[in-house]
Amino acid sequence: MMNISNIRDWFKTVAPGFTEHYVGRLNDTKREKLISFRRGVVPPQQKAIGGMENTSYMRIACNTIIHWSKDSNETDIKATEIYETLLNTENYPTIGSFKVVSITIRNFVDIGIDENKIHEYALDFEVLYKR
């Protein structure tokens, strides 16, 4: 199964410019240009008749926090760039050893500033991939 670390590693090529890519909680929110990934909620996995060994596709949901800059415009530009990159992906990549079939964006929202006045966006998406 694909995991969040696979998504994080793939994101390094999709969205360059971040100084750190975290899985889970951001460790140092005083710094700029950080991104974190957490496993999101996926609707119940559909299984083929005959069980999982006959199921050819799986889904993984990812909740992403883009923690970019104290400048709201800079953060909006970077977050929108990432959003549009995912939205406009036509030749779906291989992430880890898994061929991606589709990427669905569920949520893209400005969540404000943190305690250090760094602007943040949430970008939640789901990846459908071949097992």
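A polar contact, as I use the term here, is a pair of N or O atoms within 3.5 Å, where within protein one must be able to donate a hydrogen and the other to accept it. I keep in mind throughout that this is a predicted model.

**Entry 1: E126 and R106**

I began with that definition in hand and looked up E126, which sits in strand β6. Its side chain makes a polar contact of 2.4 Å with the side chain of R106. The pair also qualifies as a salt bridge, with the closest N and O atoms 2.4 Å apart. R106 belongs to strand β5 and E126 to strand β6, 20 residues apart, so I noted that the pair links distant parts of the chain.

Is each partner buried or exposed? I found E126 to be buried because its relative accessibility is 12%, under the 20% limit. R106, at 38%, counts as partly exposed. Beyond its sequence neighbours up to four places away, E126 touches V42, P43, R59, I60, A61, S102, I103, T104 and R106.

**Entry 2: helix α2**

Next I turned to α2, a helix of 16 residues. From first C-alpha to last it reaches 22 Å, close to the 22 Å expected at 1.5 Å a residue. I listed its buried residues as T75, K78, A79, I82 and L86. Viewed down the axis of α2, these residues fall within an arc of 95°, so they line one face of the helix. When I asked what covers them, the answer included α1, β3, β5 and β6.

I also checked the N-terminal end of α2, and D71 caps it. A side-chain oxygen of D71 lies 2.8 Å from the backbone nitrogen of N73.

**Entry 3: K78, a lysine on the buried list**

K78 caught my eye, so I looked at its accessibility: 8%, which counts as buried. Which residues does K78 contact, leaving aside neighbours within four places in sequence? They are A15, P16, F18 and W68.

K78 also forms a salt bridge with E81, the closest N and O atoms being 3.0 Å apart. Because the two are 3 residues apart in helix α2, about one helical turn separates them. An α-helix has 3.6 residues a turn, so residues three or four places apart point the same way. E81 is partly exposed, with a relative accessible area of 37%.

**Entry 4: the other charged pairs**

I counted 5 salt bridges in the structure. One of them joins D9 and K12, with the closest N and O atoms 3.8 Å apart. Both residues lie in helix α1, 3 residues apart, about one turn of the helix. Here both partners are partly exposed: D9 has 37% relative accessibility, and K12 has 41%.

**Entry 5: the nonpolar core**

Last, I went to the largest nonpolar core, which has 27 residues. Which members touch the most others? They are M2, I7, F11, I66, F125 and V127. I then traced where the core comes from: α1, β2, β3, α2, β5 and β6 each supply at least two of its residues.

I followed V127 outward and, past its neighbours within four places in sequence, found contacts with M2, I7, M58, R59, I60, V100, S102 and I103. That led me to V100, in strand β5. V100 is buried, with a relative accessible area of 2%. Its own contacts, counted with that exclusion, are Y92, P93, I95, V127, L128 and Y129. I also noted that V100 and R131, 31 residues apart in sequence, are 9.5 Å apart in space, C-alpha to C-alpha.

How values were computed:
Residues numbered from 1 in each chain as written. Predicted model: local features only at pLDDT ≥ 70, side-chain atom pairs only at ≥ 80, totals over all residues. Heavy atoms only, no water. Core = buried A, V, L, I, M, F, W, Y, C linked by side-chain atoms within 4.5 Å. Buried < 20%, exposed > 50% of the residue type's maximum accessible area, 1.4 Å probe, protein only. Helix = DSSP H or I, 4+ residues; strand = E, 2+ residues; numbered from the N terminus. Contact = heavy atoms within 4.5 Å. Expected span 1.5 Å × (residues − 1). Arc of directions from axis to C-beta. Salt bridge = Lys/Arg side-chain N within 4 Å of Asp/Glu carboxyl O.
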